[in-house]
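Q: I'd like a close look at one part of this protein, and how that part sits within the rest. Could you take me through it?

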Amino acid sequence: MGQPAARIPGRNRRWILANRPQTEVERDLLTFEDAALPEPGEGEVLVRNIYLSIDPTHRIWMSDVDQYMEPVAIGDVMRGGTLGVVEASRAKGLAVGDIVTGQGGWQDYIAISGKAVRRVVPGNLPLTAFMGPLGNIGATAYFGLFEVARPRPGETVLVSAAAGAVGSLVGQMAKIMGCRVVGIAGSAEKCAWITDDLGFDAAINYREADLVGAISAACPDGVDVYFDNVGGRILDAALTLINQGARIAVCGLISTYNEIEQGGGPAMFRNVLMKRARIEGFIVSDYWRRYPEAFAAIGHWIGKGLLKYRVDVRDGLKNAPEILKLLFSGAHDGKLLVRVSDEPPSG
């Protein structure tokens, strides 16, 4: 998609939410505008965004529906997680040149409270690692698996969207715990990646397989833990084969986000009762005070070569709406990011 467009000094390009989506996210839902460069107030920093995180939750934030935080208001800058560099500081503990993450939004620059960003020290890791395994994505996998699903060694863990940013980490963490791990993905290439490179015990291509039959074959002892990133028919198939006392962690429901009318729920929901299962949704921000715990463990696993990850970086803030649509087609590879501007010189 080309290189990031040059910015006009003293100006700030940004995407404004203009309309609510009815089905898929289209470019005309947002307006690309040029605004004045924000000025940091007392206790704030001016951050130049380098990377913008592209996540399924953007589709939720655009909609005026019940959700875990207020939807983005019409006329506001589109919300989004970012990693950037401090260009000016009026906040204690943050200096020009520091790398920070926070909710910088779909724009070049943001003036934001120093308390609302997290300073990161890259060390030997690329900056993109702090938008993936050492960011919200890694924390989502860690707390969703260990706090919500609570796998035990020897159990069978089934993961949907297993080649995605969260699912690929969940499966590897479950393997570290000594579980049998089966992943569901959307192509032969993705299935090969999670088994050959990430160590999943088996993989299912949901576009080609009879799901119930394929899950039954890959999970001969049934499903003890299902980590759900998609909802819909895959959730229904997983519920068909859960064991007594199974745990289902609901991380995302991306297969339903573009539906105008929501369905009545999975047909096999009765198995939650029959199998005395527990199904629990979670939002990773509920665990933000414990992020250091997750990042310490994840950093250790990366250093030991036990945890691998992929990032898919696409160029250009102006391309963000089209890049968001890749999440819903599966035409991306790992954690999806937009490069908004160049990284500062290392050293």
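A: Happy to. Let's begin with Phe328, which counts as partly exposed at 27% relative accessibility. This is a predicted model, so please read every value below as computed from it. Phe328 belongs to helix α9, residues 320–329. Phe328 and Ile254 are 74 residues apart in sequence, yet their C-alpha atoms are 7.4 Å apart in space.

Asp342 makes a useful companion to Phe328. Asp342 is in the segment that follows β15 (335–339), and with a relative accessible area of 52% Asp342 is exposed. The cut-off for exposed is over 50%. Leaving aside neighbours within four places in sequence, Asp342 touches Arg48 and Ile50. From Asp342 to Phe143 the C-alpha distance is 32 Å, with their positions 199 residues apart in sequence.

Phe143 brings us to the helix pair α2 and α8. The axes of α2 and helix α8 (residues 291–303) come within 9 Å and cross at roughly 100 degrees. The two helices, α2 and α8, are therefore roughly perpendicular to each other. On the α2 side the contact is made by Asn136, Gly138, Ala139, Tyr142, Phe143 and Phe146. On the α8 side, the contributors include Tyr291, Phe295, Ile298 and Trp301.

Some of these names return in the nonpolar interior. The largest nonpolar core has 53 residues, and those with the most contacts inside it are Leu83, Tyr142, Met173, Ile298 and Trp301. Helix α2 (residues 136–149) supplies the largest share of this core, nine residues. Met173, apart from its neighbours within four places in sequence, is in contact with Gly138, Ala141, Tyr142, Leu145, Phe146, Ile298, Trp301 and Leu307. There is also a second, separate core of 47 residues, which includes Met62, Leu211, Ile215 and Ala246.

Leu211 and Ile215 lead us to helix α5. In α5 (residues 211–218), Leu211, Ala214, Ile215 and Ala218 are buried. Viewed down the axis of α5, these buried residues fall within an arc of 95 degrees, so they line one face of the helix. They pack against β8 (156–159), β9 (180–185), β10 (202–205), β11 (223–228) and α6 (232–240).

Those strands take us to the sheet. Six strands form an open sheet in the order β10-β9-β8-β11-β12-β13, with parallel pairing. At the edges stand β10 and β13 (278–281), each with a single partner strand, so one side of each is left without a neighbour in the sheet. From one strand to the next, the twist averages 15 degrees.

Within the sheet, β11 and strand β12 (residues 242–250) pair in the parallel sense over five bridges. Phe227 stands opposite Ala249 in β12. Helix α4 (residues 188–197) packs on the sheet and touches β9 and β10, its direction making about 165 degrees with that of β10. Helix α6 lies across β8, β9, β11 and β12, and runs at about 155 degrees to β12.

To pull this together: partly exposed Phe328 was our starting point, and exposed Asp342 came next. From there we met the crossing of α2 and α8, the core to which α2 gives nine residues, and α5 with its buried face packed against strands including β10 and β11.

Note on methods
Residues numbered from 1 in each chain as written. Predicted model: local features only at pLDDT ≥ 70, side-chain atom pairs only at ≥ 80, totals over all residues. Heavy atoms only, no water. Buried < 20%, exposed > 50% of the residue type's maximum accessible area, 1.4 Å probe, protein only. Helix = DSSP H or I, 4+ residues; strand = E, 2+ residues; numbered from the N terminus. Arc of directions from axis to C-beta. Contact = heavy atoms within 4.5 Å. Core = buried A, V, L, I, M, F, W, Y, C linked by side-chain atoms within 4.5 Å. Pairing = 2+ DSSP bridges. Axes fitted to C-alpha atoms, helices over the stretch in contact; angles between N-to-C directions. Parallel < 35°, antiparallel > 145°, perpendicular 65-115°, else oblique.
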